[in-house]
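Q: I have a structure on my screen and want to learn how to read it. Where do we start?

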Amino acid sequence: MQLNRDDLLRAYRTMRLIRDFEERLHVEFATGEIPGFVHLYAGEEASAVGVCMHLGERDSIASTHRGHGHCIAKGCDVGGMMKEIYGRKDGLCAGKGGSMHIADLSKGMLGANGIVGGGPPLICGAALTAKVMKTGGVAVAFLGDGASNQGTTLESYNLASVWKLPAVFVVEDNGYAESTASGYAVAGSQSDRARGFGMPAQEVDGFDFFAVHAAAGAAIERARAGEGPSLIHVRLTRYFGHFEGDGMTYRGPGEVDRLRAERDCLQRFRARVTEAALLEADALDAIDRSVAEDIERSVRDAKEAPRPTEADLLTDVYVAY
Ligand SMILES: Cc1ncc(C[n+]2csc(CCOP(=O)(O)OP(=O)(O)O)c2C)c(N)n1
Ligand SMILES: [Mg+2]
């Protein structure tokens with residue numbers, strides 16, 4: 001897929017939206033007003049956006065506990081997400097899910113997930129539905145390096161391959177599962193694991209939006225053409241702790257600062273498109289300002305929004321089909 005000017009602006013805006021959403025949550029969480037756990041995606045934006053730029057309404061994604069970026073990239077309403085994270089009644093899931101369980105089925109966003117390795121089986125179901133119903137849809141699971149060691153993930157690779165499903169597994173390898181380094185805990189290679197199940201795999205630099213976008217385009221096109229599943233191993237980093245409140249004592253001195261300064265996906269995107277005269281710095285600055293206003297508004301609205309009441313306790317407990 002060739003990226004035109006509008007696509008590039010959209011890609012930058014979405015990555016900027018995710019970054020500002022997460023940076024602001026980092027500040028707001030420290031005030032104690034946000035209930036529950038929050039895992040931030042800042043640093044990993046090029047992955048969610050590079051993949052989801054290829055997806056439309058008939059396509060589904062399954063996310064992780066670090067799910068805000070995937071939600072935004074798949075088109076979830078940012079105001080509704082902020083309210084959800086604040087536990088408010090008109091949040092995306094009526095304030096009952098919070099950060100780790102945001103879902104919007106109308107957008108094909110099957111949910112963030114507190115179960116590590118919970119997403120891959122879900123997308124086998126979504127991909128099987130797309131295949132049987134002949135919708136042309138593709139299902140994508142985002143999963144972490146830690147989740148890549150779960151039995152559910154390996155069973156899903158097998159099932160997707162055996163059933164030749166229109167599925168893509170995106171392993172977001174940020175180098176750590178909580179505080180355990182993937183260099184210590186992951187045997188072999190992510191790509192070889194996929195090949196062991198008869199799936200093609202590609203490793204990409206997750207700091208480079210264009211690299212992710214190209215790899216995801218090929219994998220999604222392959223799935224859409226009925227040629228079966230594949231895997232993308234995206235190497236990237238997270239800027240904040242595993243969860244908000246994590247002291248990150250397991251990371252090397254200056255590790256995050258160095259990555260932020262030298263490899264940041266937004267800075268790289270900006271440098272690439274301005275040097276190639278594809279976009280002007282002014283246009284990107286205007287996006288920065290407009291996103292800052294959107295985030296400001298979403299936080300203000302979330303803080304002012306009503307909380308669920310006692311009468312809401314027993315609604316949405318079961319789904320009626
Ligand atoms: C089945 C299951 N086991 C353990 C946990 C606890 N846990 C939450 S996040 C996490 C690490 C996940 O690491 P990774 O998949 O690399 O994702 P990342 O946090 O790096 O994005 C663990 C072990 C869980 N939530 N679910
Ligand atoms: Mg990880």
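Q: Is Val-162 buried or exposed?
A: First, this is a predicted model. To judge a residue, check its relative accessible area: exposed means over 50%. Val-162 has 58%, so Val-162 is exposed.

Q: Which helix holds Val-162?
A: Val-162 sits in helix 6, which covers residues 151-162.

Q: Which residues make the nonpolar surface patch?
A: Look for nonpolar side chains within 5 Å of each other, on residues with over 30% relative accessible area and no salt bridge. Here Leu-128, Val-132, Met-133, Leu-159, Val-162 and Trp-163 make a patch of about 560 Å².

Q: Which helix gives the most to the patch?
A: Helix 5 does, with three residues. Helix 6 also supplies at least two.

Q: What does helix 5 lie across?
A: Helix 5 spans residues 119-133. It lies across strand 1, strand 2 and strand 3. Against strand 2 (139-144), helix 5 runs at about 175 degrees.

Q: In what order do the strands form the sheet?
A: Read a sheet from one edge to the other. Five strands form this open sheet, in the order 1-2-3-7-6, with parallel pairing. Strand 1 (60-62) and strand 6 (201-205) each have a single partner strand, so one side of each lacks a neighbour in the sheet. From one strand to the next, the twist averages 20 degrees.

Q: How many bridges join strand 3 to strand 7?
A: Six bridges link strand 3 (residues 167-173) with strand 7 (residues 230-235), and the two run parallel. Among the paired residues, Val-171 has His-233 in strand 7 as its bridge partner.

Key. Residues are numbered from 1 along each chain as its sequence is written. Chains are lettered from A and ligands numbered from 1 in the order in which they are written. This is a predicted model: local features need pLDDT of at least 70, side-chain atom pairs count only at pLDDT 80 or more; totals for chains, interfaces and linings use all residues. Side-chain values use heavy atoms; hydrogens and water are left out. Two strands pair if DSSP finds at least two bridges between them. Helices (H or I, at least four residues) and strands (E, at least two) are DSSP runs, numbered from the N terminus. Axes are lines fitted to C-alpha atoms, for helices over the stretch in contact, and angles run from 0 to 180 degrees between N-to-C directions. Contact means heavy atoms within 4.5 Å. Patches are made of residues with over 30% relative accessible area and no salt bridge: like charges are joined within 9 Å, nonpolar side chains (Val, Leu, Ile, Met, Phe, Trp, Tyr) within 5 Å. Accessible areas come from the Shrake-Rupley method with a 1.4 Å probe; for residues, only the protein chains shown count as cover. A salt bridge is a side-chain nitrogen of Lys or Arg within 4 Å of a carboxyl oxygen of Asp or Glu. Buried means under 20% relative accessible area, exposed over 50%, partly exposed in between (1.4 Å probe, protein chains only).
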